[in-house]
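Student: I would like to go through this structure and ask, term by term, what justifies each label.
Tutor: Go ahead; here it is.

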Amino acid sequence: MLNIVLFGPPGAGKGTQSEKLIEKYKIDHISTGDLFRKHLGEGTDLGKLAQKFMDEGRLVPDEVVIGMVDEKIKDSKEARGFIFDGFPRTVAQAKALDELLEMKELVISGMISLEVPEEELKNRIKERGKTSGRSDDQDESKINTRIKVYLEETLPVASYYESQGKLTKIQGVGSIDEIFTSICEVIDSY
Ligand code: ADP
């Protein structure tokens, strides 16, 4: 089974590449950001809880995120594999994911990290904000908070996988298809 962590800062292109990857490899997509937005849209308790964190560009507490992913994995009995997008975002989440997968005798095949310079990220997020309707994409200070949180809390997750020999960095600037080709080369080597 192919279990990939697609990693990178906000605006790196994880969502765009995930869509192409699930089509090619026929694996399930678990995007915690998308799941939270779905809960928000449906007005569930989980959505209400997550909203204030998301609005401020801060991370939703680990136990909430982990519980949601656990449920999603349990619901996906037929999956041929998973692409994790926007998760794990803390080392505690990465450890919890390893435990969840271990119970199913599964492991992470590898982490692919999309490398994009900070200025480019900010431009992309602002551009996306014009059409995404996401309030966290439209406010300079929220964007800055998200990048700061990424650097402080999420970047250590890359070291976690690197120490297991599972990290590959990919240039995240270029055409969508070029980047997709680079990602597929890595996946095909697993
Ligand atoms: P981004 O464009 O910043 O990568 P996402 O759509 O992945 O955005 O996530 C949007 C927001 O949802 C985050 O800023 C955060 O508040 C919350 N969120 C998403 N995934 C996680 C996670 N794994 N842990 C904690 N919070 C999360």
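Student: Which residues does threonine 154 touch, not counting residues up to four places away in sequence?
Tutor: This is a predicted model, and in it threonine 154 touches Phe7, Arg89 and Val149. A contact here requires heavy atoms within 4.5 Å. Threonine 154 itself belongs to helix α7.

Student: Why is threonine 154 called buried?
Tutor: The cut-off for buried is under 20% relative accessible area. Threonine 154 has 4% relative accessibility, so it counts as buried.

Student: How do you know whether glycine 110 is buried or exposed?
Tutor: The same kind of check applies. Glycine 110 has a relative accessible area of 0%, and buried means under 20%; therefore glycine 110 is buried. Its place is in strand β4, where five of the six residues are buried.

Student: What is glycine 110 in contact with, leaving aside its neighbours within four places in sequence?
Tutor: Its contacts are Asn3, Ile4, Val5, Lys166 and Tyr190. As for aspartate 85, it is 25 residues from glycine 110 in sequence, and the C-alpha to C-alpha separation is 13 Å.

Student: What makes β1 and β4 a pair?
Tutor: Two strands pair if there are at least two bridges between them. β1 and β4 have four bridges, in the parallel sense, so the criterion of at least two is met. One of the bridge partners is methionine 111 in β4, set against valine 5.

Student: How many bridges support the pairing of β4 with β5?
Tutor: Five, again in the parallel sense. Methionine 111 appears here too, standing opposite leucine 167 in β5.

Student: And which strand is joined to β2?
Tutor: That is β3, residues 81-85, which runs parallel to β2 and is joined to it by four bridges. Isoleucine 30 has phenylalanine 84 in β3 as its bridge partner.

Student: In what order do the five strands form the open sheet?
Tutor: The order is β2-β3-β1-β4-β5, with parallel pairing. β2 (28-31) and β5 (167-171) are edge strands because each has a single partner strand, which leaves one side of each without a neighbour in the sheet. On average, neighbouring strands of this sheet are turned by 20 degrees against each other, direction ignored.

Student: Which helix packs on the sheet, and what does it touch?
Tutor: Helix α8 (residues 176-188) does, touching β1 (2-7), β4 (110-115) and β5. The direction of α8 makes about 160 degrees with that of β5.

Student: What makes the peptide bond between phenylalanine 87 and proline 88 cis?
Tutor: Omega is about -5 degrees there, and the bond is a cis peptide bond. Most peptide bonds are trans. Proline 88 is located in the loop between β3 and α5 (91-103).

Student: Why is the phi of lysine 26 pointed out?
Tutor: Phi of lysine 26 is near 55 degrees, a positive value in a residue other than glycine. Most residues other than glycine have a negative phi. Lysine 26 sits in the loop between α1 and β2. It has 51% relative accessibility, and the cut-off is over 50%, so lysine 26 counts as exposed.

Student: How do you know that glutamate 105 is exposed?
Tutor: With 75% relative accessibility, glutamate 105 passes the cut-off and so counts as exposed. Glutamate 105 also has a positive phi of about 55 degrees, although it is not a glycine. Its loop is the one between α5 and β4.

Student: What is known of the largest pocket, and which residues lie nearest its centre?
Tutor: Its volume is about 960 Å³. The lining has 49 residues, with Pro10, Lys14, Arg89, Arg128 and Arg134 nearest the centre. By class, this lining divides into 19 nonpolar, 18 polar and 12 charged residues.

Student: Which element gives the most to the lining of the second largest pocket?
Tutor: α4 does, with five residues. Both α2 and α4 (62-75) supply at least two residues of that lining. The second largest pocket holds about 190 Å³ of space, and its lining divides into three nonpolar, two polar and five charged residues. Among the lining residues are Leu35, Lys38, Met68 and Asp75.

Note on methods: Residues numbered from 1 in each chain as written. Predicted model: local features only at pLDDT ≥ 70, side-chain atom pairs only at ≥ 80, totals over all residues. Heavy atoms only, no water. Axes fitted to C-alpha atoms, helices over the stretch in contact; angles between N-to-C directions. 1 Å grid on protein atoms, 1.4 Å probe; cavity = no way out; pocket = protein on both sides within 12 Å on 5 of 7 lines; lining within 4 Å. Points joined across faces, edges and corners; volume = space filled by probe spheres on them. Nonpolar A, V, L, I, M, F, W, Y, C, P; charged D, E, K, R; others polar. Buried < 20%, exposed > 50% of the residue type's maximum accessible area, 1.4 Å probe, protein only.
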